[in-house]
Amino acid sequence: MFKKDPLQIIAFQTYGTSNHLYLRGRAIQDESINLEQKGLFGLFINSWKRFETDEIKNTSIKVILPNGKTLKAITDNHGYFKIDEKVKDINLLSNSEGWLNFEVSFDDVNIKRLIQNSNRFPGEVLIPSTHANFGVISDIDDTIIHTGVVSTLKWKVLFNSIFKNAASRIPLDGAVDFYHKLNRGASGNNANPIFYVSHSPWNLYRYLEFFLKQNRFPKGPILLRSFKDIFQKKSKSDKPQKQNEILNILKTYPKLKFILIGDSGESDADIYMELAKTFPNQIAAIYLRSVNHKKKMFRVTKLFESFTAIPVLIVENSLQALSHAKKHGFVKS
């Protein structure tokens, strides 16, 4: 039934509140992907492994919290699991930055017999600190890392994702410093949560997690979408998964304002505009990076031309956004 590759559970960094946990992850075979792999052939093989996954379907998963409390879930046909439950006073288990560590393991007797290594896999969930003044929800592609989403047939996206390792990807100039200042807020001592949301599939989770960590971005939940959803036909009423993830964040923290950061190349402008109109008391500002595409830039500029309810800034670089953030008291001057 299973190949020689050891089994693993990847617990995605997610979020919660003092009495509510939203945990997600995936059970798959460990293909031992080297995130610092060099050479075109090796990089191509790595990319193949990311998308040609061997899922552990319909099996029991157990999450153990630091206080010993156990939560359970069952993986779906693609190996994913989700726990969305109320758990009292879990904020007492988190550190000063709001991170709570837990363990996840296989809870199926038949699976346990096949595991060659330890059946204990680490996970983290963010419970925003009481010192947070606002939150940040940021896109990834062409917002903090150049991917080329506006290139013809998105060939740059494919090339960068397949033939560049995570260690060689360079963040957009000034982004790391800007995000740290947002994280620290106006006092310089806040712990404002940062959520990274992307249209990218979960197959790239480890890749993006490595990129964020290596380049010293503030740690935050990474929220992607299932690869199968990319090819599913959607009705006009269906919201993009990225938008649904942001909606869930806003509803989870109804008393927290958010700064939305994205780019002008794809759907960020439309999603953020709709969110600002639906949650006018929760959106503090919108920052959109400009892209090298005249038609897209013209459309986005016109979209926000008469929108004055909240600050909206289309920027060339992070310094412009930082200057605006200082002026509005989001970060320390």
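1. Helix axes here are lines fitted to C-alpha atoms over the stretch in contact, and angles between them run from 0 to 180 degrees between N-to-C directions. By that reckoning, the axes of helix α4 (residues 175-184) and helix α10 (residues 318-327) come within 9 Å and cross at roughly 20 degrees. α4 and α10 are therefore roughly parallel to each other, a label for angles under 35 degrees.

2. The model is predicted, with pLDDT of at least 70 required for local features and 80 or more for side-chain atom pairs, while totals for chains, interfaces and linings use all residues. Residues are numbered from 1 along each chain as its sequence is written, and side-chain values use heavy atoms, leaving out hydrogens and water.

3. The chain has 10 helices and 13 strands; these are DSSP runs numbered from the N terminus, helices being H or I of at least four residues and strands E of at least two. Of its 333 residues, 50% are buried, meaning under 20% relative accessible area with a 1.4 Å probe, protein chains only. Among contacts (heavy atoms within 4.5 Å) with a separation of 6 or more, 73% join residues 24 or more positions apart.

4. On the α4 side, A175, D177, F178 and K181 meet S318, A321, L322 and A325 of α10. This contact divides into 5 nonpolar, 1 polar and 2 charged residues; Ala, Val, Leu, Ile, Met, Phe, Trp, Tyr, Cys and Pro count as nonpolar, Asp, Glu, Lys and Arg as charged, and the others, Gly among them, as polar.

5. A second helix pair is α8 (residues 268-278) and α9 (residues 294-303), whose axes come within 10 Å and cross at roughly 10 degrees. α8 and α9 are therefore also roughly parallel to each other. A269, D270 and M273 of α8 meet R299, V300 and L303 of α9, a contact with 4 nonpolar, no polar and 2 charged residues.

6. Which residues have the most contacts inside the largest nonpolar core? They are I144, F178, I259 and F330, in a core of 36 residues. A nonpolar core is a set of buried Ala, Val, Leu, Ile, Met, Phe, Trp, Tyr and Cys residues joined through side-chain atoms within 4.5 Å. Helix α5 (residues 205-214) supplies the largest share of this core, 5 residues. Another core, of 28 residues, lies apart from it and includes V197, Y253, A276 and F307.

7. F330 deserves its own entry. Neighbours within four places in sequence aside, F330 is in contact with F134, G185, A186, I259, A284, A285, Y287 and A325. Of these, I259 is also listed with F330 among the residues with the most contacts inside the largest core, and A325 also appears in the α4 and α10 contact.

Key:
Parallel < 35°, antiparallel > 145°, perpendicular 65-115°, else oblique.
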